[in-house]
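Biologist: Please take one charged contact in this model, look at it closely, and then place it within the rest of the structure. I am in my first year, so please explain each term as it comes up.

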Amino acid sequence: MSEYRRPTWDEYFMEVANAIAKRATCDRGRSGCVIAKNNQILATGYVGAPSGLPHCDDVGHQMRKMLHEDGSITEHCVRTVHAEQNAPHDSMPDMCNAHNKLRHCQSCR
């Protein structure tokens, strides 16, 4: 039998973020986020529409083209917000760590 290895704090928070991601309501980015400070979970969030608004899974995507500084154009769903944005903002004082399943975008860094 192999010896039990306790997960690091980062591994633990990422496992929680992966579980939170299962609540995401946009199939273009099922991601979850854990906001932690001093190894304590302060808030969680997942990709989806803000509270009270329709979800992509229910009514479809609301796509918009975005022009980037390098001239490239990509399409993004604007019906939803990112997991970090759906986590309560008042829980994000300086020196908190956001553990996210996907890479942070420019606006969520």
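Modeller: Asp57 and Arg30 join their side chains in a salt bridge, with 3.1 Å from N to O, the term meaning a side-chain nitrogen of Lys or Arg within 4 Å of a carboxyl oxygen of Asp or Glu. Asp57 belongs to helix H2 (residues 56-59), whereas Arg30 sits in the loop between H1 and strand S1 (32-37), so this pair ties together parts that are 27 residues apart in sequence. Helices (H or I, at least four residues) and strands (E, at least two) are DSSP runs, numbered from the N terminus. This is a predicted model, in which local features need pLDDT of at least 70 and side-chain atom pairs count only at pLDDT 80 or more, while totals for chains, interfaces and linings use all residues. Residues are numbered from 1 along each chain as its sequence is written, and side-chain values use heavy atoms, with hydrogens and water left out.

Both partners are partly exposed, Asp57 with a relative accessible area of 41% and Arg30 at 34%; here buried means under 20% relative accessible area, exposed over 50%, and partly exposed in between (1.4 Å probe, protein chains only). A search of the whole structure finds two salt bridges, and the other one brings together Arg5 and Glu11 at 3.0 Å, N to O. In that pair Arg5 is exposed, at 53%, and Glu11 is partly exposed, at 31%.

Glu11 falls within helix H1 (residues 9-21), whose 13 residues should span 18 Å at 1.5 Å a residue, and the end C-alpha atoms are indeed 18 Å apart; the expected span is 1.5 Å times one less than the number of residues. Phe13, Ala17, Ile20 and Ala21 are the buried residues of H1, and they lie on the same side of this helix because they cover an arc of only 100° around its axis, the arc being that of the directions from the helix axis to the C-beta atoms. An α-helix has 3.6 residues a turn, so residues three or four places apart point the same way.

As for how far to trust the picture, the protein averages a pLDDT of 84, and 81% of the residues score at least 70, where pLDDT is the predictor's confidence in each residue, from 0 to 100. Confidence is highest in H1, at 95, and lowest in strand S5 (residues 97-100), at a mean of 63.
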